[in-house]
Amino acid sequence: MKDLKKYAIIPATPEELYLALTTEITARLWTGDLVSIDATVNGEFSLWDGAIAGRFLELEPSTKIVQEWYFGETDHPSIVTLKLHEHKKGTSLEIRQTNIPDEDYENIAEGWEDPYISSLIDFYTEED
């Protein structure tokens, strides 16, 4: 199992970014794909037609989102913590993911860059 840590600057306020990550209709717009989001503690979510699926463990509006991502049968859940910090160019998004199965690590690391982060940046860049 591996852990990952990434940072990205998203050209949106923390409030806007939080809504993009927790609101089904907005997530459909930035992913351009099928999305299902129940933004409540223990509520489940699915992005990119099920390519990413899991449940919400913590929700702190405009500040922090903690999710468990599903990877089939595993003794240690993969936990994703998204922290949103105000930044002069929008929001600094801090991503930490723990317990990534070794065989999935490279795909997950690449997926955070593209499509996840790149889709958010493109979505907010196009709106200006």
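Leaving out neighbours within four places in sequence, Leu 57 is in contact with Val 41, Val 66, Gln 67, Glu 68 and Ile 79. The model here is a predicted one, and in it Leu 57 has its place in strand β4. With a relative accessible area of 26%, Leu 57 is partly exposed, because buried residues have to fall under 20% and exposed ones over 50%. There is also a pairing across the sequence to look at: Leu 57 and Gly 43 sit 14 residues apart along the chain, and their C-alpha atoms are 8.1 Å apart in space.

Strand β4 is part of something wider. An open sheet of seven strands runs in the order β1-β7-β6-β5-β4-β3-β2, with antiparallel pairing. At its edges are β1 (2–10) and β2 (36–37), each of which pairs on one side only. As general background, strands of a sheet pair through backbone hydrogen bonds, and the pairing can be parallel or antiparallel.

It helps to walk along the sheet from the β2 edge. Strand β2 pairs with β3 (residues 44–47) in the antiparallel sense, over two bridges, and here Ser 36 stands opposite Ser 46 of β3. Next, β3 pairs with β4, again antiparallel, over four bridges. In this pair Leu 47 faces Ile 52 of β4 as its opposite number. The two strands make a hairpin with four residues between them, in which Trp 48 takes a positive phi near 50°. Asp 49, in the loop between β3 and β4, has a positive phi too, of about 50°, although it is not a glycine. Asp 49 has a relative accessible area of 54%, so it counts as exposed, the cut-off being over 50%.

Further along, β4 and β5 pair in the antiparallel sense over six bridges. Leu 59 stands opposite Ile 65 of β5, while Glu 60 has Lys 64 of β5 as its bridge partner. This pair is a hairpin as well, with three residues between the strands. Ser 62 is found in that loop between β4 and β5, and has a positive phi of about 65° despite not being a glycine. Strand β5 itself is mostly covered, with five of its six residues buried. On to the following pair: β5 and β6 are antiparallel over six bridges, and Lys 64 turns up again, this time with Lys 83 of β6 as its bridge partner.

Now for the helices. Helix α1 (residues 14–22) lies across β1, β2, β4 (52–60), β5 (64–69), β6 (78–87) and β7 (90–100), and runs at about 155° to β6. Helix α1 also packs against helix α2 (residues 24–31), at an angle of about 90° and with the axes 6 Å apart. Angles of 65 to 115 degrees count as roughly perpendicular, so that is how α1 and α2 are arranged. On the α1 side, the contact is made by Leu 19, Ala 20, Leu 21 and Thr 22, and on the α2 side by Glu 24, Thr 26, Ala 27 and Trp 30. Sorted by character, the residues of this contact are five nonpolar, two polar and one charged.

What about the inside? In soluble globular proteins, nonpolar side chains tend to be buried together. The largest nonpolar core in this model has 33 residues, and those touching the most other members are Ile 10, Trp 30, Leu 47, Leu 82, Trp 112, Tyr 116 and Leu 120. Helix α3 (residues 105–126) gives the most to this core, with eight residues. Leu 47 shows how such contacts look up close: not counting residues up to four places away in sequence, Leu 47 touches Ala 27, Leu 34, Val 35, Ile 37, Ile 52 and Tyr 116. One of these, Ile 52, is the residue that Leu 47 stands opposite in β4.

Helix α3 also holds Ser 119. The relative accessibility of Ser 119 is 14%, so Ser 119 counts as buried, the limit being under 20%. Beyond its neighbours within four places in sequence, Ser 119 is in contact with Trp 30 and Trp 48. Both partners have come up already: Trp 30 takes part in the contact between α1 and α2, and Trp 48 has the positive phi in the hairpin of β3 and β4.

Methods
Residues are numbered from 1 along each chain as its sequence is written. This is a predicted model: local features need pLDDT of at least 70, side-chain atom pairs count only at pLDDT 80 or more; totals for chains, interfaces and linings use all residues. Side-chain values use heavy atoms; hydrogens and water are left out. Two strands pair if DSSP finds at least two bridges between them. Contact means heavy atoms within 4.5 Å. Axes are lines fitted to C-alpha atoms, for helices over the stretch in contact, and angles run from 0 to 180 degrees between N-to-C directions. A nonpolar core is a set of buried Ala, Val, Leu, Ile, Met, Phe, Trp, Tyr and Cys residues joined through side-chain atoms within 4.5 Å. Buried means under 20% relative accessible area, exposed over 50%, partly exposed in between (1.4 Å probe, protein chains only). Angles under 35 degrees count as roughly parallel, over 145 as roughly antiparallel, 65 to 115 as roughly perpendicular and the rest as oblique. Ala, Val, Leu, Ile, Met, Phe, Trp, Tyr, Cys and Pro count as nonpolar, Asp, Glu, Lys and Arg as charged, and the others, Gly among them, as polar.
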